[in-house]
Amino acid sequence: MEKLVIVGCGKLANIVADAIINGLLPEYDLVGVCSRTLSKAESIAEKMRKHGKECAVCESLDSLLALKPAYLVEAASPAAMRELALPALENGTSIVTLSIGALADNEFCEQIKSTAKAHGTRIYIASGATGGFDVLRTAALMGNASARFFNEKGPDALRGTAVYDETLQTEQRTVFTGTADEAIKMFPTKVNVTVAASLASVGADKMQVTMQSTPGFKGDTQRVEIKNNQVHAVIDVYSATSEIAGWSVVNTLQNIMSPIVF
Ligand SMILES: NC(=O)C1=CN([C@@H]2O[C@H](COP(=O)(O)OP(=O)(O)OC[C@H]3O[C@@H](n4cnc5c(N)ncnc54)[C@H](O)[C@@H]3O)[C@@H](O)[C@H]2O)C=CC1
Ligand SMILES: O=C([O-])CC(=O)C(=O)O
């Protein structure tokens, strides 16, 4: 059994915990959880205990890493990913991350790559609410590729951001155009997908992002498009909720252990 821990015990972390309870991840033992809101970590630990699985609630990253996990699922935020990545990798703990936005910072990205290499650990980019990273990577390798990303949301998903105002409730509008670099700065926990698709293709400084707000729209459309001299690929994912991102972590964890790797 591989020891697993989770940082950030919200909606998506609960999907991973439930997958363990339901037998979808038999190779993993969830030994600890940590969250800024302690009660959320306690709730996952309690759920595990009810199913006969001991799981420690850790109040700090240090105490979580002291459990010597082989894998850490990050389901918190890009800021949390920045805090935990280097200590985890140095601890011999590989990371499955949903907050890929943290990797838009090239210097940080290079630092975690070299730290992972030095400690025999890895950073797994969960496909989250998008996907097709294999075709994006392949088309980018062929050379002369350009890529763009379209995201559609309902106005309520933009409440609390700099682009929100009440007129969005009745008017369809493009609320953002720019690079993925700029997008993740403006929406730190809402466009990790754009940075993930960028890392798999042309880079966050070259990925062109458009975000559209549509009245009454529920969920998210994430459409990534890549073109080179021969290939035109479109990966178009609509999801009514962000649950797909939690399930993508389950898929990544399965893949890590699988004799056949997708
Ligand atoms: N790649 C993708 O497609 C997607 C990525 N995400 C990322 O996943 C994250 C989690 O999403 P949800 O589960 O929906 O959010 P949530 O808000 O339900 O849960 C996040 C949890 O993390 C905790 N947290 C925040 N900062 C922390 C820190 N520094 N240390 C420990 N715990 C911390 C919060 O207290 C909360 O309990 C998002 O913030 C976003 O960065 C979310 C949706 C899609
Ligand atoms: O809208 C979504 O589900 C995608 C998302 O939150 C992100 O990429 O961070």
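Colleague: Which residue in E10 is the bridge partner of Asn151?

Modeller: That's Gln222. Bear in mind that this is a predicted model. Asn151 and Gln222 belong to the pairing of strand E7 (residues 146-153) with strand E10 (residues 220-227).

Colleague: How many bridges join E7 to E10, and do they run parallel or antiparallel?

Modeller: There are 8 bridges between them, and the two strands run antiparallel.

Colleague: And what order do the strands have in that sheet?

Modeller: The order is E8-E9-E7-E10-E11, in an open sheet of 5 strands with mixed pairing. Strand E8 (173-179) and strand E11 (232-239) each have a single partner strand, so one side of each has no neighbour in the sheet. On average, neighbouring strands here are turned by 10° against each other, direction ignored.

Colleague: What joins E10 to E11?

Modeller: A hairpin, through 4 residues. E10 and E11 run antiparallel, with 8 bridges, and Val224 stands opposite Ile235 in E11.

Colleague: How many residues of E11 are buried?

Modeller: The count is 0 of 8, so E11 lies largely in the open.

Colleague: Which helix lies across E10 and E11?

Modeller: Helix H6 (residues 133-141) does, running at about 25° to E10.

Colleague: OK, other sheet. What's the strand order in the one with 6 strands?

Modeller: E3-E2-E1-E4-E5-E6, again an open sheet, but here the pairing is parallel. Strand E3 (56-57) and strand E6 (123-125) are the edge strands, each pairing on one side only.

Colleague: How many bridges are there between E4 and E5?

Modeller: Strand E4 (residues 71-74) pairs with strand E5 (residues 94-97) over 4 bridges. Glu74 stands opposite Thr97 in E5.

Colleague: Which strands does helix H9 lie across?

Modeller: H9 (residues 243-257) lies across strand E2 (28-34), E4, E5 and E6, and its angle to E5 is about 145°.

Colleague: Changing topic: what are the domains?

Modeller: The domain assignment gives domain 1 (2-128 + 244-257) and domain 2 (133-241). Their C-alpha centres lie 25 Å apart. The contact takes 12 residues from domain 1 and 14 residues from domain 2. On the domain 1 side, the touching residues divide into 7 nonpolar, 5 polar and no charged.

Colleague: Where does ligand 1 lie relative to those domains, and why?

Modeller: Ligand 1 lies between domain 1 and domain 2, because both give residues to the shell around it.

Colleague: Which residues come nearest to ligand 1?

Modeller: Gly8, Gly10, Leu12, Ala80 and Gly128, out of 30 residues around ligand 1. The shell divides into 16 nonpolar, 10 polar and 4 charged residues.

Colleague: Which helices supply at least two residues of that shell?

Modeller: Helix H1 (11-21), helix H4 (78-90) and helix H8 (192-199). H4 gives the largest share, 4 residues.

Colleague: And which residues surround ligand 2?

Modeller: Gly128, Ala129, Thr189, Lys190, Val191, Asn192, Val193, Asp220, Ser242 and Ala245. By type, the shell around ligand 2 has 4 nonpolar, 4 polar and 2 charged residues. Gly128 is one of the residues that come nearest to ligand 1, and Gly128 is in the ligand 2 list too.

Colleague: Back to the loops. Where is Leu158?

Modeller: Leu158 is in the loop between E7 and E8. Leu158 has 19 other C-beta atoms within 10 Å, and buried starts at 20, so Leu158 counts as partly exposed.

Colleague: What is Leu158 in contact with, leaving aside its neighbours within four places in sequence?

Modeller: Its contacts are Lys153, Val163, Tyr164, Leu168, Val175 and Ser213. As for Val209, the two are 51 residues apart in sequence and 16 Å apart in space, C-alpha to C-alpha.

Colleague: Which phi does Lys68 have, positive or negative?

Modeller: Positive, about 55°, although Lys68 is not a glycine. Most residues other than glycine have a negative phi. Lys68 sits in the loop between helix H3 (61-65) and E4, and counts as exposed because it has 11 C-beta neighbours inside 10 Å.

Colleague: What about the phi of Asn144?

Modeller: Asn144 has a positive phi of about 55° and is not a glycine either. Asn144 is in the loop between H6 and E7. With 10 C-beta neighbours inside 10 Å, Asn144 counts as exposed.

Technical notes
Residues are numbered from 1 along each chain as its sequence is written. Chains are lettered from A and ligands numbered from 1 in the order in which they are written. This is a predicted model: local features need pLDDT of at least 70, side-chain atom pairs count only at pLDDT 80 or more; totals for chains, interfaces and linings use all residues. A residue is near a molecule or strand if its C-beta atom, placed from the backbone, lies within 6 Å of it. Ala, Val, Leu, Ile, Met, Phe, Trp, Tyr, Cys and Pro count as nonpolar, Asp, Glu, Lys and Arg as charged, and the others, Gly among them, as polar. Domain bounds come from an automatic or database domain assignment. Two residues are in contact if their C-beta atoms, placed from the backbone, lie within 7 Å. Two strands pair if DSSP finds at least two bridges between them. Axes are lines fitted to C-alpha atoms, for helices over the stretch in contact, and angles run from 0 to 180 degrees between N-to-C directions. A residue is buried if 20 or more other C-beta atoms lie within 10 Å of its own, exposed if 12 or fewer, and partly exposed in between; C-beta atoms are placed from the backbone.
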